[in-house]
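User: Hello! I am new to this structure and would like a close look at a single part of it. Could you walk me through one helix and its surroundings?

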Amino acid sequence: MTAGVAIDRVSRSYGTAKALDDVSLEIAAGEYIVLLGPSGCGKTTLLNLIGGFDAPSSGQISIGGRSMAGVAPKDRPTTTVFQDYALFPHMTLAENVAFGLRMRGVSRAARLARAAEMLALVGLEGRGNRRPHELSGGQRQRVALARALAVDPDVLLLDEPLGALDLKLRRGMQDELKAIQRRVGTTFVHVTHDQEEAMAIADRIVVMNAGRIEDLGPPKTVYLAPRTLFTATFMGEVNRIPLGGTLPFDPPPAGNSGVLCIRPESLSTAEGPLNLGPCRVDDITFFGTHQRAHVTSVAAPDLKLTVHLPQNSPVAPGQTLTLFAHDFVVLEAQ
Ligand code: ATP
């Protein structure tokens with residue numbers, strides 16, 4: 001099953017510190033939402049409030065149109081997958097997955113059938129009799145996911161679910177998580193501080209900063225058209241050029257205030273909408289998928305930029321390139 005989540009003007013204070021400050025968010029049924037932000041921005045607090053492990057200081061949370069005020073975690077239509085997945089070591093995988101159903105009084109035959117179905121869903125078909133210690137970290141994480149989905153929640157909450165996995169496994173599991181979410185149709189709310197992970201799996205990313213929602217939208221929008229300088233910088237590398245002085249750009253950027261933001265991969269020698277003029281290459285490094293160069297504007301030596309060039313472009317330090325920006329935004333200085 002699946003349900004939407006409505007978060008209406010929710011705040012959570014601990015003493016004088018505000019972990020969440022007047023947060024409102026509508027999550028559609030079946031949506032894959034990622035809460036993204038630096039450590040301490042309030043992601044886990046928001047997830048805990050949805051799951052009922054903590055209560056808001058003010059504001060309302062509803063799931064499927066039903067207010068969750070005073071509803072205990074076990075009575076909510078939610079389940080949570082934690083980073084440390086905490087499987088029961090003395091139980092088989094099938095028993096682990098069936099655990100929540102046992103608590104709900106489902107018969108043994110029915111819950112073992114459901115466990116087998118869920119293990120197949122996460123790619124562990126036929127392994128129900130194994131025990132957690134026989135599995136790799138990635139496989140254990142899949143069992144934790146199967147266990148959380150076995151009780152058919154409307155909303156699945158995932159707190160840094162891939163945090164304990166190495167990078168390669170993590171990237172593989174991201175693809176799997178998204179595919180599983182599509183198959184089951186459950187609303188997923190997933191917390192991470194990894195921008196690449198957020199972009200790989202989210203329908204919409206919620207960028208959080210200091211207890212507030214800073215930005216919100218599909219990955220491409222949040223990355224290419226960020227609403228704030230914080231989002232632009234948090235989502236990946238960006239050249240920030242304060243407007244106001246004389247810049248050798250053609251056409252000259254409109255306005256005298258704000259910060260022109262250009263991602264390194266949006267700069268190239270191919271003609272584009274904004275001509276930045278000749279730039280001298282200071283250094284260049286091979287990165288596999290691209291070459292990363294630092295350059296200095298010939299006409300404005302204070303202007304230094306980072307540029308991603310194609311992996312095979314024959315560029316060397318000391319060379320001069322005329323650079324064009326293909327995508328850029330002007331944002332308010334913060
Ligand atoms: P991380 O990525 O490090 O887990 P986060 O974005 O999930 O960070 P939260 O755990 O939600 O951040 O914490 C938000 C703020 O609230 C932090 O400043 C944290 O210290 C504070 N906080 C969270 N829980 C409590 C608590 N039980 N008592 C006091 N302060 C808390």
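Analyst: Happy to help; what follows is a walk along helix α5. Please keep in mind that this is a predicted model.

Let's begin with the length. Helix α5 runs over residues 167-184, which makes 18 residues. At 1.5 Å a residue they should span 26 Å, and the C-alpha atoms at the two ends are indeed 26 Å apart, so the expected and modelled values agree.

Now look around the helix. Arg-170, Met-173, Gln-174, Leu-177, Ile-180 and Gln-181 are buried in α5. Their arc around the axis is only 140 degrees, which means that they sit on the same side of α5. Turn to the other side of α5 and you find Lys-168, Asp-175 and Arg-183, which are exposed.

What do the buried residues of α5 pack against? Their partners include the strands β3 (32-36), β7 (155-159) and β8 (187-192). They also pack against the helices α3 (108-121), α4 (137-150) and α6 (195-201).

The two ends deserve a look as well. At the start of α5, Asp-166 brings a side-chain oxygen to within 3.2 Å of the backbone nitrogen of Lys-168. That Lys-168 is also one of the exposed residues on the other side of the helix. Just after α5 comes Gly-185, whose phi is positive, at about 75 degrees.

One neighbour leads a little further: α4, against which the buried residues of α5 pack, is followed by a loop to β7 that holds Asp-152. Asp-152 has a positive phi near 55 degrees, although it is not a glycine. Most residues other than glycine have a negative phi. Asp-152 is partly exposed, with a relative accessible area of 32%.

Methods. Residues numbered from 1 in each chain as written. Predicted model: local features only at pLDDT ≥ 70, side-chain atom pairs only at ≥ 80, totals over all residues. Heavy atoms only, no water. Helix = DSSP H or I, 4+ residues; strand = E, 2+ residues; numbered from the N terminus. Expected span 1.5 Å × (residues − 1). Buried < 20%, exposed > 50% of the residue type's maximum accessible area, 1.4 Å probe, protein only. Arc of directions from axis to C-beta. Contact = heavy atoms within 4.5 Å. Polar contact = N/O pair within 3.5 Å; in protein donor to acceptor, adjacent residues only side chain to side chain.
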